[in-house]
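Me: I'm new to this structure and would love a close look at one part of it. Could you pick a helix and walk me through its surroundings?

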Amino acid sequence: MVDSRKSLHAKQQRRRANGEFAEEQDTGLPSGDTLTDFEWKRLNNAMLAAETNIIMDPDVADCAGYATRRLDELIARPAKPGETDDMPLIIENLRYDPQAPGGSHADYIADHIEAAYAGIPVKAPDRTQLEQETRQHILETALDPNRELHKLGLEPVQLGEHTNAYTGPQPEDWVGDTTRKLRNAAMKPHGKENRPRRPGTMRRRRNTCHR
């Protein structure tokens, strides 16, 4: 499995202590193109919005730090006009990440990220690697991997490939201390039991976010 957590390309950007992105020389931009301060600030604001949205949701608040770290690794820069937006792949990469809570919790996290980055196309450090890793995540955790792969234009399940291979705890087992405290303190318009689940998402994985 190709893992972006171990990729040198995934280290292209870091956030300074004040939350601003520190741009390195190799941003993967087409020759002659540059990014403006506005484009970087817009991307940074989207990251902060995604993190805040997750923190404020008692059902998935414990995953804010992990989700933010993964976004840091998976997003290299804003996409330029005419470039393919990698955000759909990134969202599904996180939705089916076997190291994060699954089922409806994965949908909540993906929805918060999608809302924060609405209208902001992005580029991954390496799209080929992102496609390979996302496909592996889907094979490991999706109930209907071929359907999810088809939506993203990825190669279908091949003969001999193992699917639904992850055997971690189900989402019912996933309730962190932060989640308990926030759930007791917050009044949400939609309770956990009333929030819609995305069909095809496997109910699986750890009882807490990987840290």
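Reply: Happy to! A helix has an expected span, which is 1.5 Å times one less than its number of residues. Keep that in mind for helix H4, residues 103-116, in this predicted model. H4 has 14 residues and reaches 21 Å from its first C-alpha to its last, close to the 20 Å expected.

For some background, the chain holds seven helices and four strands, and along the sequence they follow the pattern β-β-α-α-β-α-α-β-α-α-α. Of its 211 residues, 48% are buried.

Now, how does H4 sit among the rest? Eleven of its 14 residues are buried, so H4 is largely enclosed by the rest of the structure. Among those buried residues are Gly103, Ser104, His105 and Ala106, and further along come Tyr108, Ile109, His112, Ile113 and Ala116. Their packing partners are three helices: H1 (37-55), H2 (64-74) and H3 (87-95).

Two of these partners also pack against each other. H1 and H2 meet at an angle of about 160°, with their axes 9 Å apart. That angle is over 145 degrees, so H1 counts as roughly antiparallel to H2. The crossing of H1 past H2 is right-handed. On the H1 side, the contact uses Met47, Ala50, Glu51, Ile54 and Ile55; on the H2 side, it uses Ala64, Ala67, Thr68, Leu71 and Asp72. Sorted by character, the residues of this contact are seven nonpolar, one polar and two charged.

Definitions and conventions
Residues numbered from 1 in each chain as written. Predicted model: local features only at pLDDT ≥ 70, side-chain atom pairs only at ≥ 80, totals over all residues. Heavy atoms only, no water. Helix = DSSP H or I, 4+ residues; strand = E, 2+ residues; numbered from the N terminus. Buried < 20%, exposed > 50% of the residue type's maximum accessible area, 1.4 Å probe, protein only. Contact = heavy atoms within 4.5 Å. Axes fitted to C-alpha atoms, helices over the stretch in contact; angles between N-to-C directions. Parallel < 35°, antiparallel > 145°, perpendicular 65-115°, else oblique. Left-handed = near helix turned anticlockwise from the far one by under 90°. Nonpolar A, V, L, I, M, F, W, Y, C, P; charged D, E, K, R; others polar.
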